[in-house]
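This report looks at how selected side chains and backbone positions are placed in one protein chain. Please keep the sequence and the model at hand while reading.

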Amino acid sequence: QINFVESPETTEQNLIKSQAWTLYTNKDYAGLEAMATNYRASKERYATGFWKLALVYNALEPARKGSDADWQAQFKQIQDWIKARPTAVVPRIALARMLTSYAWKARGGDWADKVKEADWNLFFARLKKAMTSLQEAKQLKEKCPVYWSSLQMIALGMQFEKPRYNTVFSQAIQEFPDYEYYYNARANYLQPRWHGEEGEWEKDLTKSADRVGGAAGDMLYAQ
């Protein structure tokens, strides 16, 4: 018999998500926003480069296998949160991420040529709604690095051409240069199955690591 032992890191991650979910279900939106603000300010992260801030958002996303009723309930609560706290950036970004996951739920994980036309239509319609939520978030005074990583997820699904994607990436690293996910998402975008050529993401990542420079650049590449 194999006994699996949860690592301290995994235990902490589950605790953060549990705390965020509890605040959300209790409708303690101020507390949840404060939690996100604290992790954003501290920039706490793991050895992989993954920010603890992202766990707060991850906790709010329903499982893709969940029923439509579950999803709709979540959308309603997020909308209530936005109405209650219209100047908060967290719920608008959370809504965009939720809509993006909902879009991929419709599309599924098959190769493009195996996706049905009706599912494509749902996919793009939901991504457009996600984009609208992010555009509303961008108008707010409060800024969050998860805005840009969420935009990268939408950009991949909406098949942004390279010049447009490059603009998103450049703006992201200018505003939050040490948010590791931007580089990870860009490497994924540049894979041959998406929008890159063979070996392109490795060359591009090398340029990013060199631009950061020193041990920090080496760590970025390794992560």
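## Terms and confidence

A residue is called buried when its relative accessible area is under 20%, exposed when that area is over 50%, and partly exposed in between. Gln-159, with a relative accessible area of 41%, is therefore partly exposed.

The model is predicted, and the mean pLDDT of the protein chain is 91, with 98% of its residues reaching 70 or more. Among the elements of the chain, the highest mean pLDDT, 97, belongs to helix 2 (residues 29–42), whereas the lowest, 82, belongs to helix 11 (residues 214–222).

## A buried arginine in helix 5

Arg-97 is a residue of helix 5, which spans residues 90–107, and its relative accessibility is 9%, so that Arg-97 counts as buried. Two polar contacts of its side chain can be described: one, of 3.1 Å, reaches the side chain of Asn-58, and another, of 3.0 Å, reaches the side chain of Glu-61.

Which residues is Arg-97 in contact with, once its neighbours within four places in sequence are left aside? They are Tyr-57, Asn-58 and Glu-61, together with Val-146, Ser-149, Ser-150 and Met-153.

## Salt bridges from helix 2

Side chains of opposite charge can pair when their charged atoms come close. In this model the count comes to 11 salt bridges. One of them joins the side chains of Glu-33 and Arg-85, with an N to O distance of 2.7 Å. This pair links distant parts of the chain, since Glu-33 is in helix 2 while Arg-85, 52 residues apart from it, is in the loop between helix 4 (68–84) and helix 5. Glu-33 counts as buried because its relative accessibility is 9%, whereas Arg-85, at 32%, counts as partly exposed.

Another salt bridge is formed between the side chains of Arg-40 and Glu-142, at 3.1 Å from N to O. Here too distant parts of the chain are linked, with Arg-40 in helix 2 and Glu-142 in the loop between helix 6 (117–138) and helix 7 (145–157), the two residues being 102 residues apart. Arg-40 has a relative accessibility of 12% and therefore counts as buried, while Glu-142, at 24%, counts as partly exposed.

## A pair within helix 4 and a network

Asp-80 and Lys-76 also form a salt bridge, in which the closest N and O atoms are 3.2 Å apart. Because the two residues are four residues apart in helix 4, about one helical turn separates Asp-80 from Lys-76. Asp-80 is partly exposed, its relative accessible area being 30%, and Lys-76 counts as exposed at 53% relative accessibility. Elsewhere, Glu-12, Glu-44 and Lys-52 are joined into one network by salt bridges that share partners.

## Positive phi in two loops

Most residues other than glycine have a negative phi. Where does Lys-43 lie, a residue that is not a glycine and yet has a positive phi of about 60°? Lys-43 is placed in the loop between helix 2 and helix 3 (52–58), and it is partly exposed, with a relative accessible area of 36%.

Gln-159, which is not a glycine either, likewise has a positive phi of about 60°. Its place is in the loop between helix 7 and helix 8 (162–175).

Definitions and conventions: Residues numbered from 1 in each chain as written. Predicted model: local features only at pLDDT ≥ 70, side-chain atom pairs only at ≥ 80, totals over all residues. Heavy atoms only, no water. pLDDT = per-residue confidence, 0-100. Buried < 20%, exposed > 50% of the residue type's maximum accessible area, 1.4 Å probe, protein only. Polar contact = N/O pair within 3.5 Å; in protein donor to acceptor, adjacent residues only side chain to side chain. Contact = heavy atoms within 4.5 Å. Salt bridge = Lys/Arg side-chain N within 4 Å of Asp/Glu carboxyl O.
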